[in-house]
Amino acid sequence: MLYLFTWNNEYLVKEELKKWKAHFSGKFWDFNILHITNIDELDKNFLSENLLASGFFSEKKLIIIENIEKVEKDEQKKEFLIWTFSKIPESNIIVFSSLNLSEKSLLYKKFQEFWEVKRFDVKNTYETKSFLQKKYSWFIDDKAIDKIISFKSNNLSKIINELDKLFITKSSINEKDIISLIVPELEETIFVFVDRVLNLDKKNIFKDLDIILETVDIYAFYNMFLWNLRTAIYISFFKYLWYKNNHIATELWLWNKAWLVDKNYKIKFEDLSKLYKSLIDFDKNMKFWKLIWSSAEDLKYELQKILIKV
C-alpha cells in the first residue's frame, strides 16, 4: 500500500503521521517502523533494502519518508524511486510526505499511477478558525482565534504551537491574552500591514508603519513589503483576467498560502499597479543614489508620500 501525504498544511500532515505510527505500533511493534527525514542523504542501497524487504517477524512494515521533494533534483535517485514503485511488496505500507512537491513534476505524476494521494489543506482563514474551534472548544473565544490567525498569517502549525504554550498556564484564552502575550513575527506583522494597504485602511496604515519601524530596519521592512505586495499584484492580475482561484494558486505555486487567493480587497487592480510601479521607481532611486537624502527618516518620509497617493 503506497501513499503520498501532501498539500499545504504541515501540522495536519504531521498529526496524521503520528496517528499512523501509533496505530501500526500497537499491532505490529515499533521495530517494523522506519521513519526517514533525510532521504537526500541516503544511498540507493539503503533505500532498496528497506523499501523492498518485508517486515521482521511481521506481516506488515511501515516506512515513512518525509520531504520527498528533496530528491527532485537528484535524477538517479528519482529514477530509482520511480522504478521501485511497482516492485514494493504489498505487505509494506509506504508513506511519503511533502508540502512542496509540484503537481507538474515527474515524481508527482508517477505517484498518481501507483499511490493513493491524500491531501491535507486549509484553504482559508474560515477553515482554520473552524479547525481551532473544534480543537479547543469553549477554552478560547472567537475574537482570540481571529487575532492569532492574523498574528501568525494563518499558519496552523505556528498558531497551535503558541496556543499550546499558553494553555500550560491558562485554562482559557481571550483576545487580550493574545495581544499581550503573543508577539507577531516580522513576516506576519508586515503581512497585516500589506492587508491594511490593500484594504485602503488610511486610519491605521501610517500608525502601523511607525510601530514597525521602531524595531525594524527600513530597508528590511521595504524589501519584505515589496515581496508581499508582488504576490498580491500577481493574484490581482489573474483575477482581473477572470482566472479561477484554484488555477491561480497552482500557477503561482502558493502552497501553504493558497488561501490568499480567496481574500478580496478594496483596492482596484489599476491602483495596485500604480502603487507597485511607484515603489519600484523608489527602489531604483535608492539603489542608484538618486535620492537627495538617505537617512532612515528621509526614506520613511518618501515611502509615506507614495502611500498617501493610494
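A residue is counted as buried when its relative accessible area is under 20%. In this predicted model, strand β4 (92-98) is mostly covered by that criterion, seven of its seven residues being buried. Asn92, Ile94, Phe96 and Ser98 point to one side of β4, whereas Ile93, Val95 and Ser97 point to the other.

Strand β4 belongs to an open sheet of five strands, arranged in the order β2-β3-β4-β1-β5 with parallel pairing. The edges are formed by β2 and β5 (116-119), each of which pairs on one side only. Averaged over the sheet and with direction ignored, neighbouring strands are turned by 15° against each other.

The pairings within the sheet can be followed strand by strand. Between β2 (residues 33-36) and β3 (residues 61-65), which run parallel, there are four bridges. His35 stands opposite Ile64 of β3 in this pairing. The chain passes from β2 to β3 by way of helix α2 (residues 44-52), and the resulting β-α-β crossover is right-handed. Strand β3 in turn pairs with β4 in the parallel sense over five bridges. Here Ile64 stands opposite Val95, and Lys61 has Asn92 as its bridge partner in β4. The connection from β3 to β4 runs through helix α3 (residues 75-85), again as a β-α-β crossover, and this crossover is right-handed. Strands β1 and β4 also pair in the parallel sense, over five bridges; Thr6 has Ser98 of β4 as its bridge partner.

Val95 also appears in the analysis of nonpolar packing. The largest nonpolar core contains 31 residues, and Val95, Leu132, Leu163 and Ile178 are those with the most contacts inside it. At least two residues of this core are supplied by each of β1 (2-6), α1 (10-28), β3, β4, α5 (125-136), α6 (142-151) and α7 (156-166). Helix α1 provides the largest share, six residues. A separate core of 29 residues lies apart from this one, with Val197, Ile205, Leu226 and Ala232 among its members.

The surroundings of Ile178 were examined further. With neighbours within four places in sequence left aside, Ile178 is in contact with Ala144, Lys147, Ile148, Phe151, Leu163, Leu166 and Ile173. Leu163, one of these partners, is itself listed with Ile178 among the residues having the most contacts inside the largest core.

Terms used: Residues are numbered from 1 along each chain as its sequence is written. This is a predicted model: local features need pLDDT of at least 70, side-chain atom pairs count only at pLDDT 80 or more; totals for chains, interfaces and linings use all residues. Side-chain values use heavy atoms; hydrogens and water are left out. Two strands pair if DSSP finds at least two bridges between them. A crossover is right-handed if, with the strands pointing away from the viewer, the path from the first strand over the helix to the second runs clockwise. A nonpolar core is a set of buried Ala, Val, Leu, Ile, Met, Phe, Trp, Tyr and Cys residues joined through side-chain atoms within 4.5 Å. Buried means under 20% relative accessible area, exposed over 50%, partly exposed in between (1.4 Å probe, protein chains only). Contact means heavy atoms within 4.5 Å. Axes are lines fitted to C-alpha atoms, for helices over the stretch in contact, and angles run from 0 to 180 degrees between N-to-C directions.
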